[in-house]
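Here's a friendly walk through a protein model, going from the whole chain down to a few single residues. Take a look at it first, and then we'll go through it piece by piece.

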Amino acid sequence: MPRRNSGPRLWLRPGEVAKDGGTERLAQWHVKDDGNVRKPVGCFARDVRGLKGAAKAEAVAYNEAEEAKAHQALAAYITAKHTPSVQKGRGAGEILVVDVLLMWGERVVQKRVEDLRAEDAKAGIVHAKAPIYEGRAGRCMARLLQLGEWWQGKTLADVDGDSCDAYVAWRCRQAWKSARPEETGNQARTVSPQGARRELEDMRAAINWHRGRGYCREIVEVALPAKGKRKEHHLERPEAARLLLGMWRKRAVMTVRKDSPTRAGEVVLSKKRPHRHLTRFTLLGIYTGTRAGAIATAAFEPIPGRSWLDIETGMFHRLAVGQAATNKRQPPVRIPDRLLAHIRRWKRLGVSKDYVVEFNGQPVEQVNKGFGVALADAGLMGTPHMLRHTTATWLLQRGVKSWDAANYLGMSEKILLEVYGHWAADYQAGIAGGRKKRSLPPPELHDAFSIHYHRDKDLRIAAANRDARLARLGLPLRSLATVAKAKAA
(Lines give C-alpha, C1' and ligand atoms only; values in the text may rest on other atoms or scores of the structure.)
Protein backbone atom coordinates (compact mmCIF):
# COMPACT_ATOMS: atom_id res chain seq x y z
CA MET A 1 0.00 0.00 0.00
CA PRO A 2 1.54 3.37 -1.02
CA ARG A 3 2.38 5.89 1.68
CA ARG A 4 -0.02 8.77 2.21
CA ASN A 5 1.10 12.07 0.71
CA SER A 6 1.83 14.29 3.71
CA GLY A 7 2.47 17.46 1.74
CA PRO A 8 4.81 20.30 2.70
CA ARG A 9 5.45 20.59 6.43
CA LEU A 10 7.93 21.91 8.98
CA TRP A 11 10.50 19.72 10.71
CA LEU A 12 12.80 20.74 13.55
CA ARG A 13 16.15 19.03 13.14
CA PRO A 14 17.51 18.29 16.64
CA GLY A 15 20.59 20.12 17.81
CA GLU A 16 23.92 18.50 18.57
CA VAL A 17 25.88 18.61 21.83
CA ALA A 18 29.68 18.79 21.88
CA LYS A 19 31.80 16.39 23.89
CA ASP A 20 32.47 19.03 26.54
CA GLY A 21 28.73 19.50 27.10
CA GLY A 22 28.39 22.75 25.16
CA THR A 23 26.15 23.37 22.18
CA GLU A 24 27.85 22.38 18.94
CA ARG A 25 24.91 22.97 16.60
CA LEU A 26 21.52 24.55 17.30
CA ALA A 27 18.29 22.85 16.33
CA GLN A 28 17.19 24.14 12.93
CA TRP A 29 13.85 24.34 11.14
CA HIS A 30 13.53 22.61 7.76
CA VAL A 31 10.77 22.36 5.17
CA LYS A 32 10.06 18.73 4.36
CA ASP A 33 8.09 17.61 1.33
CA ASP A 34 7.42 14.40 -0.50
CA GLY A 35 10.11 13.30 -2.89
CA ASN A 36 12.89 13.44 -0.24
CA VAL A 37 12.81 17.23 -0.18
CA ARG A 38 14.41 18.72 2.96
CA LYS A 39 15.24 22.39 2.79
CA PRO A 40 16.63 24.50 5.69
CA VAL A 41 14.87 27.85 6.12
CA GLY A 42 17.52 29.62 8.21
CA CYS A 43 15.55 29.56 11.46
CA PHE A 44 16.90 28.01 14.66
CA ALA A 45 15.74 26.97 18.14
CA ARG A 46 17.64 27.19 21.40
CA ASP A 47 17.55 24.50 24.07
CA VAL A 48 15.67 25.90 27.09
CA ARG A 49 16.33 22.94 29.35
CA GLY A 50 18.30 24.01 32.40
CA LEU A 51 17.63 27.71 31.83
CA LYS A 52 15.78 29.81 34.38
CA GLY A 53 14.54 33.34 34.87
CA ALA A 54 15.40 35.98 32.30
CA ALA A 55 17.65 33.62 30.31
CA LYS A 56 14.80 31.16 29.83
CA ALA A 57 12.33 33.93 28.93
CA GLU A 58 14.77 35.28 26.34
CA ALA A 59 15.32 31.83 24.84
CA VAL A 60 11.57 31.11 24.67
CA ALA A 61 10.92 34.47 22.98
CA TYR A 62 13.70 33.73 20.49
CA ASN A 63 12.25 30.29 19.70
CA GLU A 64 8.76 31.68 19.19
CA ALA A 65 10.04 34.37 16.83
CA GLU A 66 12.09 31.86 14.85
CA GLU A 67 9.13 29.46 14.62
CA ALA A 68 6.94 32.27 13.28
CA LYS A 69 9.56 32.99 10.61
CA ALA A 70 9.70 29.29 9.78
CA HIS A 71 5.93 29.20 9.23
CA GLN A 72 6.25 32.18 6.89
CA ALA A 73 9.01 30.39 4.99
CA LEU A 74 6.79 27.31 4.69
CA ALA A 75 3.96 29.45 3.35
CA ALA A 76 6.35 30.97 0.80
CA TYR A 77 7.50 27.49 -0.23
CA ILE A 78 3.93 26.28 -0.74
CA THR A 79 3.08 29.43 -2.69
CA ALA A 80 6.10 28.98 -4.96
CA LYS A 81 5.29 25.29 -5.46
CA HIS A 82 1.73 25.86 -6.50
CA THR A 83 0.24 29.05 -7.91
CA PRO A 84 -3.57 29.15 -7.64
CA SER A 85 -5.61 30.00 -10.72
CA VAL A 86 -6.83 33.59 -10.97
CA GLN A 87 -9.59 32.86 -13.46
CA LYS A 88 -12.76 34.63 -12.39
CA GLY A 89 -16.38 33.52 -12.35
CA ARG A 90 -15.71 29.81 -11.77
CA GLY A 91 -18.01 27.42 -9.96
CA ALA A 92 -17.39 26.10 -6.45
CA GLY A 93 -16.60 22.62 -7.79
CA GLU A 94 -13.70 24.00 -9.84
CA ILE A 95 -11.84 25.75 -6.99
CA LEU A 96 -9.68 23.97 -4.44
CA VAL A 97 -10.01 25.04 -0.81
CA VAL A 98 -6.20 25.06 -0.48
CA ASP A 99 -5.96 27.55 -3.37
CA VAL A 100 -8.33 29.91 -1.58
CA LEU A 101 -6.34 29.66 1.65
CA LEU A 102 -3.06 30.29 -0.19
CA MET A 103 -4.40 33.35 -2.01
CA TRP A 104 -5.83 34.87 1.16
CA GLY A 105 -2.68 34.16 3.15
CA GLU A 106 -0.46 35.73 0.53
CA ARG A 107 -2.57 38.73 -0.49
CA VAL A 108 -4.09 39.64 2.87
CA VAL A 109 -2.09 38.23 5.79
CA GLN A 110 1.42 38.53 4.33
CA LYS A 111 0.70 41.80 2.54
CA ARG A 112 -0.36 43.36 5.81
CA VAL A 113 2.94 42.33 7.41
CA GLU A 114 4.86 43.83 4.48
CA ASP A 115 2.92 47.09 4.77
CA LEU A 116 3.65 47.35 8.50
CA ARG A 117 7.32 46.59 7.88
CA ALA A 118 7.43 49.40 5.32
CA GLU A 119 5.82 51.78 7.83
CA ASP A 120 8.39 50.78 10.45
CA ALA A 121 11.24 51.36 8.02
CA LYS A 122 9.81 54.73 7.00
CA ALA A 123 9.50 55.80 10.65
CA GLY A 124 13.01 54.51 11.41
CA ILE A 125 11.76 51.97 13.96
CA VAL A 126 14.14 49.08 14.70
CA HIS A 127 12.73 46.18 16.73
CA ALA A 128 15.03 44.32 19.11
CA LYS A 129 13.07 41.15 18.40
CA ALA A 130 10.38 40.11 15.95
CA PRO A 131 7.53 42.66 16.10
CA ILE A 132 4.17 41.53 17.41
CA TYR A 133 2.40 41.79 14.08
CA GLU A 134 4.79 39.18 12.64
CA GLY A 135 3.93 36.79 15.46
CA ARG A 136 0.22 37.24 14.81
CA ALA A 137 0.69 36.65 11.10
CA GLY A 138 2.75 33.55 11.85
CA ARG A 139 -0.02 32.11 14.03
CA CYS A 140 -2.58 32.87 11.33
CA MET A 141 -0.46 31.12 8.69
CA ALA A 142 -0.07 28.15 11.04
CA ARG A 143 -3.88 27.90 11.26
CA LEU A 144 -4.13 28.02 7.47
CA LEU A 145 -1.60 25.22 7.16
CA GLN A 146 -3.58 23.19 9.68
CA LEU A 147 -6.70 23.73 7.61
CA GLY A 148 -4.89 22.78 4.42
CA GLU A 149 -3.82 19.43 5.89
CA TRP A 150 -7.44 18.26 6.15
CA TRP A 151 -9.01 20.12 3.21
CA GLN A 152 -6.27 19.13 0.76
CA GLY A 153 -7.80 17.82 -2.48
CA LYS A 154 -11.29 19.12 -1.60
CA THR A 155 -13.11 21.86 -3.49
CA LEU A 156 -15.39 24.63 -2.28
CA ALA A 157 -18.35 22.44 -3.29
CA ASP A 158 -17.29 20.02 -0.53
CA VAL A 159 -17.61 22.72 2.13
CA ASP A 160 -20.89 22.13 3.95
CA GLY A 161 -22.17 21.43 7.44
CA ASP A 162 -21.19 17.75 7.41
CA SER A 163 -17.63 18.35 6.22
CA CYS A 164 -17.13 21.17 8.74
CA ASP A 165 -18.40 18.91 11.54
CA ALA A 166 -16.02 16.19 10.38
CA TYR A 167 -13.14 18.68 10.48
CA VAL A 168 -14.02 19.70 14.04
CA ALA A 169 -14.19 16.05 15.13
CA TRP A 170 -10.82 15.36 13.50
CA ARG A 171 -9.17 18.38 15.17
CA CYS A 172 -10.59 17.55 18.59
CA ARG A 173 -8.72 14.22 18.48
CA GLN A 174 -5.38 15.97 18.01
CA ALA A 175 -3.09 17.24 20.74
CA TRP A 176 -2.07 20.85 21.14
CA LYS A 177 0.95 21.84 19.08
CA SER A 178 2.79 22.92 22.25
CA ALA A 179 2.05 19.68 24.14
CA ARG A 180 5.18 17.87 25.34
CA PRO A 181 3.89 14.77 27.20
CA GLU A 182 7.23 12.98 26.85
CA GLU A 183 8.94 15.81 28.76
CA THR A 184 6.27 16.79 31.28
CA GLY A 185 4.80 13.36 31.94
CA ASN A 186 1.29 14.82 31.73
CA GLN A 187 -1.37 13.73 29.30
CA ALA A 188 -1.45 15.98 26.25
CA ARG A 189 -4.41 18.34 26.02
CA THR A 190 -6.44 18.01 22.85
CA VAL A 191 -7.75 20.80 20.65
CA SER A 192 -11.09 22.17 21.85
CA PRO A 193 -14.13 22.79 19.62
CA GLN A 194 -13.52 26.52 20.14
CA GLY A 195 -9.99 26.14 18.78
CA ALA A 196 -11.36 24.39 15.69
CA ARG A 197 -13.97 27.14 15.40
CA ARG A 198 -11.21 29.76 15.32
CA GLU A 199 -9.55 27.96 12.40
CA LEU A 200 -12.85 27.69 10.52
CA GLU A 201 -13.38 31.42 11.05
CA ASP A 202 -10.15 32.04 9.15
CA MET A 203 -11.35 29.71 6.42
CA ARG A 204 -14.68 31.57 6.23
CA ALA A 205 -12.86 34.91 5.94
CA ALA A 206 -10.68 33.52 3.14
CA ILE A 207 -13.68 32.15 1.20
CA ASN A 208 -15.64 35.40 1.56
CA TRP A 209 -12.62 37.43 0.42
CA HIS A 210 -12.15 35.08 -2.54
CA ARG A 211 -15.79 35.42 -3.62
CA GLY A 212 -15.70 39.19 -3.07
CA ARG A 213 -12.87 39.43 -5.63
CA GLY A 214 -15.04 37.67 -8.18
CA TYR A 215 -13.12 34.40 -8.41
CA CYS A 216 -16.13 32.28 -7.41
CA ARG A 217 -19.67 32.88 -8.64
CA GLU A 218 -21.34 30.78 -5.92
CA ILE A 219 -21.92 31.49 -2.23
CA VAL A 220 -20.20 29.00 0.06
CA GLU A 221 -21.22 28.86 3.72
CA VAL A 222 -18.83 27.60 6.40
CA ALA A 223 -20.70 25.96 9.29
CA LEU A 224 -19.11 26.86 12.61
CA PRO A 225 -19.51 24.90 15.86
CA ALA A 226 -21.58 26.57 18.54
CA LYS A 227 -19.90 29.24 20.59
CA GLY A 228 -18.81 28.30 24.05
CA LYS A 229 -20.71 29.39 27.10
CA ARG A 230 -20.17 33.06 27.88
CA LYS A 231 -17.84 33.59 30.79
CA GLU A 232 -19.07 36.29 33.13
CA HIS A 233 -16.38 35.99 35.78
CA HIS A 234 -15.48 39.30 37.32
CA LEU A 235 -13.50 40.48 40.30
CA GLU A 236 -15.04 41.97 43.40
CA ARG A 237 -13.16 44.87 44.93
CA PRO A 238 -11.56 42.76 47.72
CA GLU A 239 -10.52 40.14 45.14
CA ALA A 240 -9.01 42.79 42.87
CA ALA A 241 -7.09 44.24 45.82
CA ARG A 242 -5.82 40.77 46.81
CA LEU A 243 -4.77 40.05 43.24
CA LEU A 244 -2.88 43.34 42.86
CA LEU A 245 -1.16 42.93 46.23
CA GLY A 246 -0.05 39.41 45.32
CA MET A 247 1.34 40.59 41.99
CA TRP A 248 3.24 43.39 43.68
CA ARG A 249 4.75 41.19 46.42
CA LYS A 250 5.51 38.13 44.27
CA ARG A 251 9.17 37.11 44.43
CA ALA A 252 10.97 34.73 42.11
CA VAL A 253 12.31 31.42 43.41
CA MET A 254 15.90 30.45 42.67
CA THR A 255 18.21 27.56 43.47
CA VAL A 256 21.60 28.29 45.01
CA ARG A 257 24.50 27.34 42.73
CA LYS A 258 26.19 24.00 43.20
CA ASP A 259 29.56 25.61 43.91
CA SER A 260 28.22 27.29 47.06
CA PRO A 261 30.13 25.86 50.07
CA THR A 262 27.17 25.92 52.48
CA ARG A 263 23.86 26.39 50.63
CA ALA A 264 24.30 24.43 47.40
CA GLY A 265 20.98 23.35 45.94
CA GLU A 266 18.91 25.28 48.48
CA VAL A 267 15.73 26.89 47.13
CA VAL A 268 15.50 30.53 48.21
CA LEU A 269 13.55 33.66 47.32
CA SER A 270 15.38 36.10 45.09
CA LYS A 271 15.07 39.88 44.88
CA LYS A 272 13.39 39.68 41.47
CA ARG A 273 9.73 40.71 41.23
CA PRO A 274 8.46 38.80 38.19
CA HIS A 275 4.82 39.96 38.38
CA ARG A 276 5.09 43.70 38.86
CA HIS A 277 4.48 44.36 35.18
CA LEU A 278 1.17 42.51 35.66
CA THR A 279 0.06 45.13 38.18
CA ARG A 280 0.26 47.78 35.46
CA PHE A 281 -1.59 45.46 33.06
CA THR A 282 -4.32 44.78 35.62
CA LEU A 283 -4.81 48.41 36.61
CA LEU A 284 -5.15 49.49 32.98
CA GLY A 285 -7.60 46.65 32.35
CA ILE A 286 -9.80 47.39 35.36
CA TYR A 287 -9.91 51.14 34.82
CA THR A 288 -10.50 51.15 31.04
CA GLY A 289 -12.06 47.75 30.26
CA THR A 290 -9.73 47.37 27.27
CA ARG A 291 -9.08 44.00 25.69
CA ALA A 292 -5.87 42.25 26.75
CA GLY A 293 -4.20 42.51 23.34
CA ALA A 294 -4.53 46.29 23.18
CA ILE A 295 -3.19 46.67 26.74
CA ALA A 296 -0.16 44.45 26.11
CA THR A 297 0.82 46.43 23.00
CA ALA A 298 0.15 49.92 24.40
CA ALA A 299 3.05 52.30 23.69
CA PHE A 300 3.68 55.93 24.63
CA GLU A 301 4.20 56.95 20.99
CA PRO A 302 2.17 56.08 17.86
CA ILE A 303 3.91 52.97 16.46
CA PRO A 304 2.50 50.99 13.52
CA GLY A 305 0.66 47.90 14.68
CA ARG A 306 0.35 49.08 18.30
CA SER A 307 -2.16 50.91 20.44
CA TRP A 308 -0.80 53.97 22.23
CA LEU A 309 -1.42 56.35 25.14
CA ASP A 310 -1.16 60.11 24.92
CA ILE A 311 -0.26 60.96 28.51
CA GLU A 312 -0.39 64.68 27.75
CA THR A 313 -4.08 64.68 26.83
CA GLY A 314 -4.94 61.54 28.82
CA MET A 315 -6.34 59.58 25.85
CA PHE A 316 -5.87 55.85 25.26
CA HIS A 317 -6.03 55.09 21.51
CA ARG A 318 -6.98 51.43 21.66
CA LEU A 319 -7.10 50.79 17.90
CA ALA A 320 -3.59 49.95 16.71
CA VAL A 321 -1.96 52.47 14.42
CA GLY A 322 -2.51 51.50 10.78
CA GLN A 323 -5.30 49.03 11.52
CA ALA A 324 -8.80 49.36 10.10
CA ALA A 325 -11.75 49.31 12.49
CA THR A 326 -13.50 45.94 12.84
CA ASN A 327 -16.63 44.65 14.53
CA LYS A 328 -14.67 44.58 17.78
CA ARG A 329 -14.96 48.25 18.48
CA GLN A 330 -11.88 49.93 19.88
CA PRO A 331 -12.73 53.62 20.22
CA PRO A 332 -10.37 56.00 22.04
CA VAL A 333 -11.05 56.24 25.75
CA ARG A 334 -10.16 58.90 28.25
CA ILE A 335 -7.97 57.51 31.03
CA PRO A 336 -9.41 58.10 34.53
CA ASP A 337 -7.48 60.74 36.46
CA ARG A 338 -6.35 58.35 39.21
CA LEU A 339 -4.86 55.91 36.70
CA LEU A 340 -3.38 58.71 34.56
CA ALA A 341 -1.43 59.96 37.57
CA HIS A 342 0.06 56.48 38.04
CA ILE A 343 0.97 56.16 34.34
CA ARG A 344 2.71 59.54 34.30
CA ARG A 345 4.66 58.52 37.40
CA TRP A 346 5.70 55.20 35.79
CA LYS A 347 6.93 57.11 32.75
CA ARG A 348 8.76 59.71 34.84
CA LEU A 349 10.53 57.14 37.02
CA GLY A 350 11.49 54.92 34.08
CA VAL A 351 9.36 51.99 35.24
CA SER A 352 7.67 52.10 31.83
CA LYS A 353 10.03 53.58 29.25
CA ASP A 354 8.50 53.06 25.81
CA TYR A 355 5.52 50.84 26.64
CA VAL A 356 3.11 50.77 29.54
CA VAL A 357 3.60 47.04 30.21
CA GLU A 358 7.26 46.07 29.97
CA PHE A 359 9.09 43.01 31.25
CA ASN A 360 12.87 43.25 31.58
CA GLY A 361 12.75 46.43 29.51
CA GLN A 362 10.94 44.79 26.57
CA PRO A 363 7.27 44.96 25.57
CA VAL A 364 5.14 41.89 26.19
CA GLU A 365 3.01 40.17 23.59
CA GLN A 366 0.63 38.39 25.94
CA VAL A 367 0.38 37.73 29.66
CA ASN A 368 -1.80 34.62 29.74
CA LYS A 369 0.65 32.39 31.62
CA GLY A 370 1.84 34.94 34.17
CA PHE A 371 -1.69 36.19 34.78
CA GLY A 372 -2.88 32.62 35.32
CA VAL A 373 -0.14 32.05 37.92
CA ALA A 374 -1.06 35.31 39.70
CA LEU A 375 -4.73 34.29 39.80
CA ALA A 376 -3.83 30.88 41.21
CA ASP A 377 -1.65 32.49 43.88
CA ALA A 378 -4.61 34.68 44.89
CA GLY A 379 -6.99 31.69 44.95
CA LEU A 380 -8.91 32.90 41.90
CA MET A 381 -9.76 31.56 38.46
CA GLY A 382 -10.16 33.28 35.11
CA THR A 383 -8.30 34.84 32.20
CA PRO A 384 -7.01 38.33 31.36
CA HIS A 385 -10.33 39.01 29.60
CA MET A 386 -12.05 38.92 32.99
CA LEU A 387 -10.73 42.45 33.59
CA ARG A 388 -13.05 43.68 30.84
CA HIS A 389 -15.94 41.85 32.51
CA THR A 390 -14.94 43.45 35.80
CA THR A 391 -15.07 46.98 34.38
CA ALA A 392 -18.47 46.42 32.76
CA THR A 393 -19.88 44.91 35.95
CA TRP A 394 -18.58 47.68 38.19
CA LEU A 395 -19.91 50.42 35.90
CA LEU A 396 -23.42 48.97 35.98
CA GLN A 397 -23.28 48.17 39.69
CA ARG A 398 -22.45 51.80 40.37
CA GLY A 399 -25.38 53.06 38.32
CA VAL A 400 -23.56 54.46 35.28
CA LYS A 401 -25.86 55.05 32.31
CA SER A 402 -25.80 52.09 29.93
CA TRP A 403 -25.13 54.27 26.88
CA ASP A 404 -22.10 55.87 28.55
CA ALA A 405 -20.78 52.52 29.77
CA ALA A 406 -21.16 50.89 26.32
CA ASN A 407 -19.26 53.66 24.56
CA TYR A 408 -16.59 53.67 27.27
CA LEU A 409 -16.04 49.92 26.86
CA GLY A 410 -16.28 49.89 23.09
CA MET A 411 -19.28 47.57 22.74
CA SER A 412 -22.87 47.97 21.67
CA GLU A 413 -25.47 48.89 24.26
CA LYS A 414 -27.40 45.75 23.24
CA ILE A 415 -24.50 43.45 24.14
CA LEU A 416 -23.85 45.34 27.37
CA LEU A 417 -27.42 44.92 28.56
CA GLU A 418 -27.70 41.30 27.39
CA VAL A 419 -24.52 40.14 29.12
CA TYR A 420 -24.20 42.49 32.09
CA GLY A 421 -27.66 44.06 32.47
CA HIS A 422 -28.52 42.02 35.57
CA TRP A 423 -25.71 43.82 37.42
CA ALA A 424 -27.35 47.22 36.95
CA ALA A 425 -28.09 49.07 40.20
CA ASP A 426 -31.82 49.35 39.45
CA TYR A 427 -32.26 45.82 38.06
CA GLN A 428 -35.73 44.63 39.21
CA ALA A 429 -35.60 47.22 41.97
CA GLY A 430 -39.33 47.88 41.67
CA ILE A 431 -40.45 44.31 42.35
CA ALA A 432 -42.11 43.52 45.72
CA GLY A 433 -41.11 46.55 47.69
CA GLY A 434 -40.88 49.54 45.39
CA ARG A 435 -37.86 51.30 43.97
CA LYS A 436 -35.00 51.62 46.37
CA LYS A 437 -34.03 55.20 47.11
CA ARG A 438 -30.52 56.22 46.28
CA SER A 439 -28.46 58.35 48.61
CA LEU A 440 -26.52 59.70 45.62
CA PRO A 441 -27.54 60.52 42.04
CA PRO A 442 -26.32 58.22 39.23
CA PRO A 443 -22.60 58.87 38.80
CA GLU A 444 -21.06 60.17 35.61
CA LEU A 445 -18.13 58.29 34.12
CA HIS A 446 -15.57 60.50 35.83
CA ASP A 447 -17.18 59.62 39.18
CA ALA A 448 -17.42 55.86 38.55
CA PHE A 449 -13.87 55.18 39.72
CA SER A 450 -13.69 57.96 42.28
CA ILE A 451 -12.98 56.72 45.79
CA HIS A 452 -14.61 59.83 47.26
CA TYR A 453 -17.91 59.38 45.42
CA HIS A 454 -18.39 55.83 46.72
CA ARG A 455 -16.54 56.21 50.01
CA ASP A 456 -19.57 55.79 52.28
CA LYS A 457 -20.87 52.77 50.37
CA ASP A 458 -17.44 51.11 50.31
CA LEU A 459 -17.03 51.69 54.05
CA ARG A 460 -20.40 50.08 54.71
CA ILE A 461 -19.43 47.06 52.61
CA ALA A 462 -16.07 46.80 54.39
CA ALA A 463 -17.77 46.96 57.79
CA ALA A 464 -20.27 44.26 56.80
CA ASN A 465 -17.45 42.02 55.55
CA ARG A 466 -15.55 42.60 58.82
CA ASP A 467 -18.58 41.68 60.95
CA ALA A 468 -19.21 38.55 58.89
CA ARG A 469 -15.58 37.47 59.21
CA LEU A 470 -15.56 37.97 62.99
CA ALA A 471 -18.85 36.09 63.35
CA ARG A 472 -17.46 33.21 61.28
CA LEU A 473 -14.37 33.04 63.49
CA GLY A 474 -16.37 33.46 66.69
CA LEU A 475 -14.47 36.59 67.75
CA PRO A 476 -16.00 39.65 69.44
CA LEU A 477 -16.08 43.05 67.79
CA ARG A 478 -13.59 45.24 69.60
CA SER A 479 -13.07 48.96 69.10
CA LEU A 480 -11.23 51.68 70.99
CA ALA A 481 -14.43 52.49 72.91
CA THR A 482 -14.99 48.88 74.02
CA VAL A 483 -11.33 48.53 75.04
CA ALA A 484 -11.55 51.72 77.14
CA LYS A 485 -14.71 50.49 78.85
CA ALA A 486 -13.09 47.16 79.61
CA LYS A 487 -10.07 48.85 81.17
CA ALA A 488 -12.31 51.20 83.25
CA ALA A 489 -14.29 48.24 84.58
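Before counting anything, it helps to know what gets counted: helices are DSSP runs of H or I with at least four residues, strands are runs of E with at least two, and both are numbered from the N terminus. Also keep in mind that what you see is a predicted model. With that settled, the protein chain has 17 helices and twelve strands.

Now for the whole chain. Of its 489 residues, 37% are buried. The accessible surface of the protein chain is about 29,300 Å², and carbon and sulfur atoms hold 53% of that. As for who touches whom, take the contacts in the protein chain with a separation of 6 or more: 59% of them are between residues 24 or more positions apart.

Let's start the close-ups with helix α2, which covers residues 97-123 and is home to V113. Is V113 buried or exposed? Its relative accessible area is 3%, so V113 is buried. Leaving out residues up to four places away in sequence, V113 touches Y133, E134 and A137. For one of these, Y133, the two C-alpha atoms are separated by 6.7 Å, although V113 and Y133 are 20 residues apart along the chain.

Next, find the loop between α3 (132-151) and α4 (161-171), where Q152 sits. With a relative accessible area of 42%, Q152 is partly exposed, because that label covers values between 20% and 50%. Q152 and D99 are 53 residues apart along the chain, yet their C-alpha atoms are separated by 9.4 Å.

Moving on, strand β6 (residues 253-255) contains V253. The relative accessibility of V253 is 55%, so V253 counts as exposed. V253 also joins V267 and L269 in making a nonpolar surface patch of about 290 Å².

Helix α8, residues 276-288, is a good place to stop for a while, and T279 is found there. T279 counts as buried because its relative accessibility is 7%. Which residues does T279 contact, once neighbours within four places in sequence are left aside? They are L244, M247 and W248.

α8 also has a helix partner: it packs with α12 (residues 386-397) at an angle of about 35°, and the two axes are 7 Å apart. This crossing of α8 and α12 is right-handed. On the α8 side, the residues that meet α12 are F281, T282, G285, I286, Y287 and T288. On the α12 side, L387, T391 and W394 are the ones they meet.

Let's finish with some backbone angles. Most residues other than glycine have a negative phi. N360, however, is a residue other than glycine with a positive phi, near 55°. You'll find N360 in the loop between β11 (358-359) and β12 (362-363). N360 counts as exposed because its relative accessibility is 55%.

The last stop is helix α13, residues 402-409, where D404, A405, A406, Y408 and L409 are buried. Just after α13 comes G410, and the phi of G410 is positive too, at about 80°.

Note on methods:
Residues are numbered from 1 along each chain as its sequence is written. This is a predicted model: local features need pLDDT of at least 70, side-chain atom pairs count only at pLDDT 80 or more; totals for chains, interfaces and linings use all residues. Side-chain values use heavy atoms; hydrogens and water are left out. Buried means under 20% relative accessible area, exposed over 50%, partly exposed in between (1.4 Å probe, protein chains only). Patches are made of residues with over 30% relative accessible area and no salt bridge: like charges are joined within 9 Å, nonpolar side chains (Val, Leu, Ile, Met, Phe, Trp, Tyr) within 5 Å. Accessible areas come from the Shrake-Rupley method with a 1.4 Å probe; for residues, only the protein chains shown count as cover. A salt bridge is a side-chain nitrogen of Lys or Arg within 4 Å of a carboxyl oxygen of Asp or Glu. Contact means heavy atoms within 4.5 Å. Axes are lines fitted to C-alpha atoms, for helices over the stretch in contact, and angles run from 0 to 180 degrees between N-to-C directions. A crossing is left-handed if the near helix is turned anticlockwise from the far one by less than a right angle, and right-handed if clockwise.
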